[in-house]
Amino acid sequence: MKYLSVIFFSLFFELLIAQENPNFIQYVNPFVGTQNMGHTFPGATRPFGMVQLSPETDTQAYAIDGKYNPDVYAYCSGYQYKDSTIVGFSHTHFSGTGHSDLGDFLVMPTVGKLYLNPGKADTPETGYRSRFSHANEIAEPNYYKVYLSDYKINAEFTSSIHVGFHRYTFPKTDSANIVLDLMSGIYNFDEKNVWTFVRVENDTLVTGYRETEGWARTRTVYFALSFSKPIKNYGHKKYDQQVYKGFWRKFDETKNFPEMAGRQIRAYFQFDTEENEPILLKFALSSTSTEGALRNLKAEIPHWDFERTKKEGQEVWNAELAKIQVETLTLADKETFYTALYHSFLSPIEFMDVDGAYKGLDGNIHQANDFTNYTIFSLWDTYRALHPLFNLIQPSRNKDMMESLLAHYDQSVHPMLPVWSHYANENWCMIGYHSVSLLADAMIKKVLKPESYHRALEASVQSANTDYYDGIGYYKKLGFVPDDKNPYSVSITLEYAYDDWCITQMAKEINEAGIANEFEQRALSYQNVFNPQRVSMAPKLENGEWRTNFDKLSTHGEGFIEGNAWNYSLYVPQDPKKLISLMGGKKVFELHLDSLFTQHLDDRYFANTEDITRDGIIGLYVHGNEPGHHIAFLYNWTDAPWKTQARVRMIMKTMYSNTKDGLCGNDDAGQMSAWFVFNALGFYPVAPGSNYYSIGSPLVKSAKLSFENGNILQIKTVNQSSENIYIQKITLNNKIINRLYLTHDELIQGGILEYKMGNKPNKKLILPLSKPI
């Protein structure tokens, strides 16, 4: 009896501890989005960590015979679940993007004959790659493990912010090899490597750097590599032909020579191992120098305890995920939610050394004295939901991200705020000047530093007046970007108009009336590309005439980027009421939205747009790409707001899941996932730069949001079920909310937000017309 009592109390205390310290990482599946076009990666990383240590499963070249290779698109993150071989493990990745770069410093352990070429997927034995099985693969936040069956090696990985920690468990052999492929990269091509330099400092420490061109035109990453046991032999092979070799020819540089330099290099390090002996590697990165990489290594992982680093990283992940604690109807919904939250916290990444030093846009070394510097700003995607989510639950990080945008502006020769930036480079991808959306949203929600308000407005106005950038000169002169001058003319005009509205909000916030008036007029420019005869946004020529041969369904060559007229005609998030008026009034607009979700879009209309696939389409609505992410909420401005509730729940159920194909399109640096997080909670920021969130339909049973200000928002639902998708009543702190929006201020004050749900619409929940958003 005494023994049973001991067991009972032991189990009781274990349960109590588990309740006080819930494990959220168990609900994260890093494999979500790794099949098809989610473009996520399963490897080990910390929240917003610079090191994202993950396997590469093929070596697709960016171009073949001088022409773009469309197969490379599937490998934007380096990993595809369908593959059965692993090429190696590299330290830098994008999560979910539709274009790519990175894949730096690929490491691969092998046994036996040394191969320095990767081999091919169908004949892996001809190179250093290995077969593997998903049955022997594990992925968790900050931990990845796989068995390399060709070599009988268990490979495990964890990380700190700047350091990748490898553990390879070898069989007994006198030919254990660690290959360091300095030629490998994502979206690779022959000329991508500009220069590579390696120093073997002693028998356990290697340092070096690699400079590349590509999406980032001039990118240099430094490293410091430390082994847990002395190197027996080492060497390298150079694959570039240099005319000038100088007097280095007096040496045999290929074996046990402590310097390696060239454009195309693969190195190797050799060891003897006993049965099940682990060899550990710590691989630190820096944007400034090898000395910076060494400082990062020593500061973050000064030991060889792999399990300690894994545990510390997972505790950090658990704390981040705990910021939103949810209960859901099903375990699958919970896993989908926490995986989406996990993917939302992968980028932007910290981009500075432990001492605050970082490489800037101007190529110089700068010091971040009062902020953490970040990079990877996929702004055409992430202004919509990801950064608004940060303003809600990661305001301190987002504050630093705004300072990073302004530092970019200070270092820009144009000068301009970032358009799409990574690793101290502006790559100019996509359209708009959406940094202004981030700054406006952060300013309106009191996240931006007050001392940065005027600086942010100045940078935004300057960016919006850079005439040589993407048609701005025409836009200012004509009120639109002409189709005969820019292939994405309509999309650009619409997005500039929204960005100008954001500048207006900033100017009003700090009483800059002249700027506010100027940009308030510019923000109306969307009206200039609305063709009333076609009842659609449409391409217009410089002479003011409408283009005659215009297909509203096609996503290619019609004046729109990664979308068509059906979706982009609804892109006026800053003024839905005026859009509804242009399109014929509430009833006509409602029927238009109905048609969007119910008509069929034939594959031929998006065959030439690789970022749009059938997986992400409902009717004519494209959820798999960003321009339409606000569309389901536009019913809230009609007399049928319950249709927003039905559409949102349908999108969550059909476009997301907890499986490897659980994303309907590119995750786009977390935007697709952030959309799900917001909507699972029941609201969404239709127009970032405003204080309003539009009401949808919550998927969770309950949620607890812990804010940095110490307040807690409890979200509760009554009668929640898969059938009860319609809101009957909303209360906030026991007061009825007779409107279909919430404000940011209301949410962060905390309290109890309660949705009463039912299986039939409550047609009395109408949005008052007095509110703009």
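Two strands count as paired here if DSSP finds at least two bridges between them. Keep that in mind for the small sheet below, and keep in mind too that this is a predicted model.

**A three-stranded sheet**

Strand β33 (residues 692–695) has a partner on either side: the open sheet runs in the order β32-β33-β38, with antiparallel pairing. That leaves β32 and β38 as the edge strands, each pairing on one side only. Between strand β32 (residues 683–684) and β33 there are 2 bridges, in the antiparallel sense. Between β33 and strand β38 (residues 741–743) there are 3 bridges, again antiparallel. A handy residue to click on is S694 in β33, which stands opposite Y684. S694 also has Y741 as its bridge partner in β38. As background, side chains in a regular strand alternate between the two faces of the sheet.

**Helix α12 and its neighbours**

Now hop over to helix α12 (residues 513–522), which has contacts with both α9 and α11. Here is the geometry of the two pairs:

| Helix pair | Axis separation | Angle | Crossing |
|---|---|---|---|
| α9 (residues 453–464) and α12 | within 13 Å | roughly 40° | left-handed |
| α11 (residues 489–509) and α12 | 8 Å | about 160° | left-handed |

How do those angles translate into words? Angles over 145 degrees count as roughly antiparallel, so α11 is roughly antiparallel to α12. The α9 and α12 pair is oblique instead.

On the α9 side, L457, V461 and A464 meet I515, F519 and R522 of α12. The residues of that contact split into 5 nonpolar, no polar and 1 charged.

Turning to the α11 pair, the helix α11 puts in A497, D500, I503, T504, A507 and K508, while α12 answers with I515, A516, F519, E520 and R522. This contact divides into 6 nonpolar, 1 polar and 4 charged residues. If you compare the lists, I515, F519 and R522 of α12 turn up in the contact with α9 and in the contact with α11.

**A lysine on the inside**

Is K282 buried or exposed? This lysine sits in strand β20 (residues 277–286). Buried means under 20% relative accessible area, and K282 has 4%, so K282 is buried. Leaving out residues up to four places away in sequence, K282 touches V163, G164, F165, A224, L225, S226, L297, I301, P302, H303 and W304. One distance for orientation: the C-alpha atoms of K282 and E125 are separated by 28 Å, with their positions 157 residues apart along the chain.

**Backbone oddities**

A few loop residues deserve a look if you plan to check torsions. Which peptide bonds are cis? One is the bond from S347 to P348, with omega near 0°. P348 is in the loop between α4 (331–344) and β22 (349–350). Another is the bond from H414 to P415, with omega near -20°. P415 is in the loop between α7 (395–411) and β26 (421–422).

Then there are positive phi values outside glycine. K446 has a phi of about 60° and lies in the loop between α8 (435–444) and α9. With a relative accessibility of 54%, K446 counts as exposed. V535 has a phi of about 50°, and its place is in the loop between β28 (530–531) and β29 (536–537). At 35% relative accessibility, V535 counts as partly exposed.

Notes
Residues are numbered from 1 along each chain as its sequence is written. This is a predicted model: local features need pLDDT of at least 70, side-chain atom pairs count only at pLDDT 80 or more; totals for chains, interfaces and linings use all residues. Side-chain values use heavy atoms; hydrogens and water are left out. Axes are lines fitted to C-alpha atoms, for helices over the stretch in contact, and angles run from 0 to 180 degrees between N-to-C directions. Helices (H or I, at least four residues) and strands (E, at least two) are DSSP runs, numbered from the N terminus. Angles under 35 degrees count as roughly parallel, over 145 as roughly antiparallel, 65 to 115 as roughly perpendicular and the rest as oblique. A crossing is left-handed if the near helix is turned anticlockwise from the far one by less than a right angle, and right-handed if clockwise. Contact means heavy atoms within 4.5 Å. Ala, Val, Leu, Ile, Met, Phe, Trp, Tyr, Cys and Pro count as nonpolar, Asp, Glu, Lys and Arg as charged, and the others, Gly among them, as polar. Buried means under 20% relative accessible area, exposed over 50%, partly exposed in between (1.4 Å probe, protein chains only).
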